[in-house]
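Visitor: Please take a close look at one part of this model, the salt bridges, and then follow the thread to the pocket beside it in your account. I would like one connected answer.

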Amino acid sequence: MILVKDNRCDFCGTCVAVCPVDAIELREADISIIHDTCIDCDICIWVCPIDVLTSDKPVEVEND
Amino acid sequence: MTDYDVIVVGGGPAGSMAAEAAAKGGAKTLLLEKDRDIGYPVRCGEGVGAKALKQFMNPDPGMIAATISKVRMRSPDNTCVDFGQEEAGYILHRRIFDVALANRASKAGAEIQTRAYVDGLLMEDEAVTGVKYQYMGQHRHLTSKIVIAADGVESRVGRMAGLRTSTKLKDMESGYQVTVGNIDVDQEMIDFYVGDNWAPGGYLWIFPKGDGMANIGLGILGIYSRYDSAHDRTHSFIKKYFPKATILASVCGGIPVGKTLKKMTSHGFMLTGDAAHMVNPVTGGGIITGMQGGQIAGEVAALAIQKGNVSEKGLEDYPIRWHRTEGKTHEAFYRISQTIDTITDEQLNKIAHRLVKTPSSELSLLKIFTTVAREKPKMLLDVTRAFAGV
């Protein structure tokens, strides 16, 4: 599940732009994840310029 | 009878140009802006080419923070490639600039409403027939013959119309910028850092903003920003090079650097600006291309309404005219950006070492790209295409 860290979002909409399933709602100063629609692809976490989004999935260790 | 002929969603440069052009063409036009103010918050580096801007306006001195006559590009080993051109560009005060453009639209007859958050479209089958929006807690709707969506990188309105507007991760730059005070930078020079060190898949910029201030920011491709965000990278840079700088403002945002959407119209509906992915894929600049796209969209919308045909076919001049003016160069720039992404830091250094031997009076962006093309020959044709007429 994608989570939004409290009070840190700048509401820039970058995550909304990359979301492939339109699962992020953003208003002037209000963001919410529509969990029923979200497919946990995590690309919103990748792209967030200020690291506001996170996942409750266990952290994956990168193997090179 | 509809409430309006044209409703424009979004009050940035693309939206205001669209509203102005539509109103000038005789269409009863309304522009809706979701935020409280036109021009705020500013999500932009604010740099713009002087010649390109003058196609649209003679900029008022009040909207110009700095006039640029020098460009510096730094390779990863900090070799500086400098070149200049008299009054090459401006760093704008977007807050003032955007308001001036919206004001121009209103002088042409367009109505403007801020705090109007569009949360749906009125549709009849596949045709867009108006917007649903919220204003001060009230739900409202208005009918129109054409909706022009200029709602920026998010491009939600396009999705409501059934167009596929989302940006792929590989085509999205994750951006962050601070406006700083108390720094000693050349107020006539823009300074770029390329390479993987600060901004993999993008660049870091220092744009002067007058009186010891500057915009310092960077954009990195989304695929590189997972573990070291644009925010963290920008602050590391400032700590290293400008430890005494004070931070006056900070902003983040996404820059869509993919190809312009192939399908940017449907029945009664047009997309423009960042929402249509019109940003220059090499520079990340979207002000001029958005103004161009918005203006064409507004003109075509007004004509289509006069002719009484707002179907996709009736709006077909829009993609045709976009392709003729900006689209062709845009595609060449996109291919250049794909090649640039494959250049290693070592190659960048080599290119810079070669370029510093060239007298700076002979240096230009074209010269830089043709030198890059010596490393990546397949780029040469696109460089020629992109710079034809420049």
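**Salt bridges and a pocket lining in chain B**

Guide: With a relative accessibility of 25%, B:R354 counts as partly exposed. The model is a predicted one, and in it the side chain of B:R354 meets that of B:E375 in a salt bridge, at 3.7 Å from N to O. The two residues belong to distant parts of the chain, since B:R354 lies in helix α8 (residues 345-355) of chain B and B:E375 in helix α9 (residues 365-375) of chain B, 21 residues apart. B:E375 has a relative accessible area of 17% and is therefore buried, the cut-off for that class being under 20%.

A second pair brings together the side chains of B:E312 and B:K263, with 3.0 Å from N to O. This salt bridge also links distant parts of the chain, for B:E312 sits in the loop between α6 (287-307) and α7 of chain B, while B:K263 sits in the loop between β14 (246-256) and β15 (265-266) of chain B, 49 residues apart. Both partners fall in the partly exposed class, B:E312 with a relative accessible area of 37% and B:K263 at 40% relative accessibility.

In a third pair, B:R72 forms a salt bridge with B:D82, and the closest N and O atoms are 2.7 Å apart. B:R72 belongs to strand β4 (residues 64-74) of chain B and B:D82 to strand β5 (residues 80-92) of chain B, so this contact ties together parts that are ten residues apart in sequence. B:D82 is partly exposed, its relative accessible area being 28%. Beyond these pairs, B:E20, B:K24 and B:R104 are linked in a network of salt bridges, and a search of the whole structure over all chains finds 20 salt bridges.

As for the pocket, the second largest one has a volume of about 720 Å³. Its lining comprises 27 residues, of which B:K259, B:T260, B:L261, B:K262 and B:H277 are the closest to the centre. Helix α7 (residues 317-340) of chain B gives the most to this lining, with six residues. At least three lining residues come from each of two domains of chain B, namely domain 1 (4-42 + 95-167 + 259-315) and domain 2 (70-86 + 169-256). Sorted by class, the lining of the second largest pocket has nine nonpolar, nine polar and nine charged residues.

Terms used
Residues numbered from 1 in each chain as written. Chains lettered and ligands numbered in written order. Predicted model: local features only at pLDDT ≥ 70, side-chain atom pairs only at ≥ 80, totals over all residues. Heavy atoms only, no water. 1 Å grid on protein atoms, 1.4 Å probe; cavity = no way out; pocket = protein on both sides within 12 Å on 5 of 7 lines; lining within 4 Å. Points joined across faces, edges and corners; volume = space filled by probe spheres on them. Helix = DSSP H or I, 4+ residues; strand = E, 2+ residues; numbered from the N terminus. Nonpolar A, V, L, I, M, F, W, Y, C, P; charged D, E, K, R; others polar. Domains from an automatic or database assignment. Salt bridge = Lys/Arg side-chain N within 4 Å of Asp/Glu carboxyl O. Buried < 20%, exposed > 50% of the residue type's maximum accessible area, 1.4 Å probe, protein only.
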